[in-house]
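Let's take a walk through this one together. Have the sequence and the 3D view open side by side, and follow along as we go from strand to strand.

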Amino acid sequence: MSTAQKELVYVEHCKGVNGLDKVVLREVRGCSAEVYLYGGHVTSWKNEHGEELLFLSSKANFNPPKAIRGGIPICFPQFSNLGPLESHGFARNRFWSIDNDPPPFPINSSNKAFIDLILKHSEEDVKVWPHRYEYRLRITLGPGGDLMLTSRIRNMNTDGKPFSFTFAYHTYFAVTDISEVRVEGLETLDYLDNLKNRERFTEQGDAITFESEIDRIYLSTPTKIAILDHERKRTFVLRKDGLPDAVVWNPWDKKAKAMPDFGDDEYKHMLCVEAACIEKPITLKPGEEWKGRQELSAVPSSYCSGQLDPKRALQSG
Ligand code: BG6
């Protein structure tokens, strides 16, 4: 059989950095994604030209129990330091398992490149977060190269107690030059400024641009947000469901230098836009399940900007 005829391996189980278990998803046109079982963490998403679309720090640790810097960390059951747990909760530094028998959910049957992961309470975790849960994560690479993450979290408590949590898909987008990036879809919204004791402000102007550190939780955001990389003429479109908030974060130069697992100049090449549920935590009674979904696509700029605002697309050519 010639290489061209060789059948595509849509889902490959292998070893990644430091021998950690990794799953590679591939699609016909050549796009791919990589997922570490450690953290249930997407570390790579490439388009059909092999271009990396997610930022992963050159100094990222693949050394448990440290979280991996870049890609898509999962923040659960706590966003940031909004509670008694470690920053962003513990899901991003636990070993997830392959879920070989996930309960069915309506999904496009043309998707072949997907993996189901599961994280459950451990006796260790119950000491810091006294709840029993099942967290199922499906990661899908669509035939067109879109990357979809669906989280299903169920309360498995047997003591009749509900639990509450906050959540984020902490996506690190790769951008060419942060000073040439703008985010559309968050105009005129209220946000909590993490740099000002989470005081509430209202966003002014039209699109968000970047010239200094930013760390904000935008509230009641639309289901679609666009991140425009002018230099690369690429637009990321983030679609979300069940996730009303959106965090925008770039550490800029000073904070970058203070982070041991982040290069001094790397802030220029990344932007976090995080589909989240923070302001109003999710509460589940025993037996109840919550679902939160994000879908990422990368398209040529003019096309997508036009979708969001035709006038602006014409102006920017
Ligand atoms: C963002 C937070 O989501 O994550 C920031 O809004 C935080 O406040 C950043 O600094 C990175 O967090 P960590 O724990 O991965 O260093």
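**A hairpin to start from**

Let's begin with strands S13 (residues 190-193) and S14 (residues 199-202), which pair in the antiparallel sense over four bridges. Keep in mind that what you're looking at is a predicted model. To find the register of this pair, look for Asp190, whose bridge partner in S14 is Thr202. One step along, Tyr191 has Phe201 as its bridge partner in S14. The two strands form a hairpin, with five residues between them. In that turn you'll find Asn197, which has a positive phi of about 50 degrees.

S13 has another partner too. Three bridges join S13 to strand S16 (residues 214-218), and these two run antiparallel. Tyr191 is again a handy marker, as it stands opposite Tyr218 in S16. So here's something to check on screen: which residues does Tyr191 face in S14 and in S16? They are Phe201 in S14 and Tyr218 in S16. As a reminder, side chains in a regular strand alternate between the two faces of the sheet.

Now back up a little from S13, into the loop that comes between strand S12 (181-184) and S13; Thr188 is found there. Thr188 has a positive phi of about 65 degrees although it is not a glycine.

**Over to the ligand**

Next, bring up the ligand. Where does it sit? The space taken by the ligand is the largest pocket. The residues around the ligand are Arg69, Phe79, Ser87, His88, Arg92, His170, Asn194, Asp215, Val247, Trp249 and Glu274. What kinds of residues make up this shell? They divide into three nonpolar, four polar and four charged.

Some of these come with distances worth checking in your viewer. Take Asp215, which belongs to the residues around the ligand: an N or O atom in the Asp215 side chain is 2.5 Å from an oxygen atom of the ligand. For His170, an N or O atom of the side chain is 2.8 Å from a ligand oxygen atom. Asn194 has a polar side-chain atom that lies 3.5 Å from an oxygen atom of the ligand. And how much of the ligand does the protein bury? Taken alone the ligand exposes 390 Å², and the protein buries 81% of that.

**The nine-stranded sheet**

Time to zoom out to an open sheet of nine strands, with antiparallel pairing. The order to trace is S6-S7-S8-S9-S21-S18-S17-S12-S15. Its edge strands are S6 (97-98) and S15 (208-209), each of which pairs on one side only.

Start at the S6 edge. S6 and strand S7 (residues 113-120) pair in the antiparallel sense over two bridges, and Ile98 has Leu117 as its bridge partner in S7.

Further in, look at strand S21 (residues 289-300), which pairs with strand S9 (residues 147-155) in the antiparallel sense over eight bridges. Leu147 is a good place to pick up the register, with Leu296 as its bridge partner in S21. Then there is strand S18 (residues 234-241), which eight bridges join to S21, again running antiparallel. Here you can use Thr235, whose bridge partner in S21 is Val299.

**Two cis peptide bonds**

Before you close the viewer, have a look at a couple of prolines. A cis peptide bond joins Pro64 and Pro65, with omega at about 10 degrees. Pro65 has its place in the loop between strand S4 (41-46) and strand S5 (74-75). Another cis peptide bond joins Phe76 and Pro77, where omega is about 5 degrees. You'll find Pro77 in the loop between S5 and S6, and S6 takes you back to an edge of the nine-stranded sheet.

Terms used
Residues are numbered from 1 along each chain as its sequence is written. This is a predicted model: local features need pLDDT of at least 70, side-chain atom pairs count only at pLDDT 80 or more; totals for chains, interfaces and linings use all residues. Side-chain values use heavy atoms; hydrogens and water are left out. Two strands pair if DSSP finds at least two bridges between them. A residue is near a molecule or strand if one of its heavy atoms lies within 4 Å of it. A polar contact is a pair of N or O atoms within 3.5 Å; within protein, one must be able to donate a hydrogen and the other to accept it, and residues adjacent in sequence count only if both atoms are side-chain atoms. Accessible areas come from the Shrake-Rupley method with a 1.4 Å probe; for residues, only the protein chains shown count as cover. On a 1 Å grid over the protein atoms alone, a cavity is a set of points where a 1.4 Å probe fits but cannot get out, and a pocket is an open set with protein on both sides within 12 Å along at least five of seven lines; lining residues have an atom within 4 Å of a point. A molecule sits in a cavity or pocket if more than half of its atoms lie within 2 Å of its grid points. Ala, Val, Leu, Ile, Met, Phe, Trp, Tyr, Cys and Pro count as nonpolar, Asp, Glu, Lys and Arg as charged, and the others, Gly among them, as polar.
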